[in-house]
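Here are my comments on the model you sent, set out as numbered points. Please read them with the sequence and the coordinates open beside you.

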Amino acid sequence: MSDLRHRRVYTRWFALLVGLVTGAVVGFAVYWGSQLTGAALFMLCGTVAGGVAALVFYAYSRTMYLTELTVSIPNFTDLTFAVTPSNEGVAWRLFVESVTRVSTQPLTEGTGVVRETLNSLYSLFQSVRQTLVEAGPTAGAGGTQTVEHLAIGMLNAQMRPFLAKWHPQLLQWERVNPDVPESQWPGNAQCRAELEAMRLGLLDYVRGLGQLAGVRNIDVMLGHSADQ
């Protein structure tokens, strides 16, 4: 179990203990208050109402509580990310979307189809962007990095430059040579080489998403691609 999940478990048990103690105190206060009359009764009711309001606010704030996690991304220093229960779920969705795509698997020489990988990569790009739009920004993170910073970095630093270069080149060649095998494309070898470099960089971001999601044995879930 990750340190983040340990903290979540301890937090739940602490909240339960606080709830039991608070319930006992409130019960005693209600009983004692039933014996009061006049101004003393009104003062007690106001005090209890204020305490309940404070507890409700505390419970709400716990759902928005930010913990911090350091993630290492090559070409960057270690980044500290804010993690909440909600954006932990977003990180899990993005992690699953990424690890189940053809584009995160190695495309060795003489195997696979570049077009299929480009299509998978474009589909992943669209899916990640849509997930971020639906999730919205992390509230209350201040200047700390969040899951959306990591995901947008994955899109703009890894996927977009590769797609912008190679998608139109392959598409143009396919239109001129509709019946020619892709292996005859002059840019095939270079595209595959740059694809592999991009894929390895992409996996670093995917591992980061896995860390933010609290995933254990991330490389095992990545499978063969993690060994490249």
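Does Gly89 count as buried, partly exposed or exposed, and at what relative accessibility?

1. Gly89 has a relative accessibility of 30%, and because buried means under 20% and exposed means over 50%, Gly89 counts as partly exposed. This glycine sits in helix 3, and, although 58 residues separate it from Val147 in sequence, the C-alpha atoms of Gly89 and Val147 are 9.9 Å apart in space. Please keep in mind that this is a predicted model, so that every value in this note is computed from predicted coordinates.

2. On the overall architecture, the protein chain has seven helices and two strands, which follow one another from the N terminus in the order α-α-β-β-α-α-α-α-α. The chain has 228 residues, of which 36% count as buried, and its accessible surface comes to about 13,300 Å², with 62% of that area belonging to carbon and sulfur atoms. Among contacts with a separation of 6 or more, 69% are between residues 24 or more positions apart.

3. The largest nonpolar core has 42 residues, and those with the most contacts inside it are Leu94, Val128, Met154, Met159, Phe162, Leu202 and Leu212. Two or more residues each are given to this core by strand 2 (79-83), helix 3, helix 4, helix 5, helix 6 and helix 7 (218-222), and helix 5 provides the largest share, eleven residues. Leaving aside residues up to four places away in sequence, Met154 touches Ser98, Val128, Met159, Leu202, Tyr205, Val206 and Leu209.

4. Helix 4 (residues 114-135) deserves a separate look. Its 22 residues should span 32 Å at 1.5 Å a residue, and the end C-alpha atoms lie 31 Å apart, which agrees. The buried residues of helix 4 include Leu118, Leu121, Leu124, Phe125, Val128 and Leu132, and what covers the buried residues of this helix includes helix 3 (85-99), helix 5 (147-176) and helix 6 (188-212). After helix 4 comes Gly136, which has a positive phi, near 75°.

5. My last point concerns the surface of helix 1 (residues 3-33), where Leu17 has its place. Leu17 counts as exposed because its relative accessibility is 51%, and together with Val21 and Val25 it makes a nonpolar surface patch of about 280 Å². As a general guide to such spacing, an α-helix has 3.6 residues a turn, so residues three or four places apart point the same way.

Notes: Residues are numbered from 1 along each chain as its sequence is written. This is a predicted model: local features need pLDDT of at least 70, side-chain atom pairs count only at pLDDT 80 or more; totals for chains, interfaces and linings use all residues. Side-chain values use heavy atoms; hydrogens and water are left out. Patches are made of residues with over 30% relative accessible area and no salt bridge: like charges are joined within 9 Å, nonpolar side chains (Val, Leu, Ile, Met, Phe, Trp, Tyr) within 5 Å. Accessible areas come from the Shrake-Rupley method with a 1.4 Å probe; for residues, only the protein chains shown count as cover. A salt bridge is a side-chain nitrogen of Lys or Arg within 4 Å of a carboxyl oxygen of Asp or Glu. Helices (H or I, at least four residues) and strands (E, at least two) are DSSP runs, numbered from the N terminus. Buried means under 20% relative accessible area, exposed over 50%, partly exposed in between (1.4 Å probe, protein chains only). The expected span of a helix is 1.5 Å times one less than its number of residues. Contact means heavy atoms within 4.5 Å. A nonpolar core is a set of buried Ala, Val, Leu, Ile, Met, Phe, Trp, Tyr and Cys residues joined through side-chain atoms within 4.5 Å.
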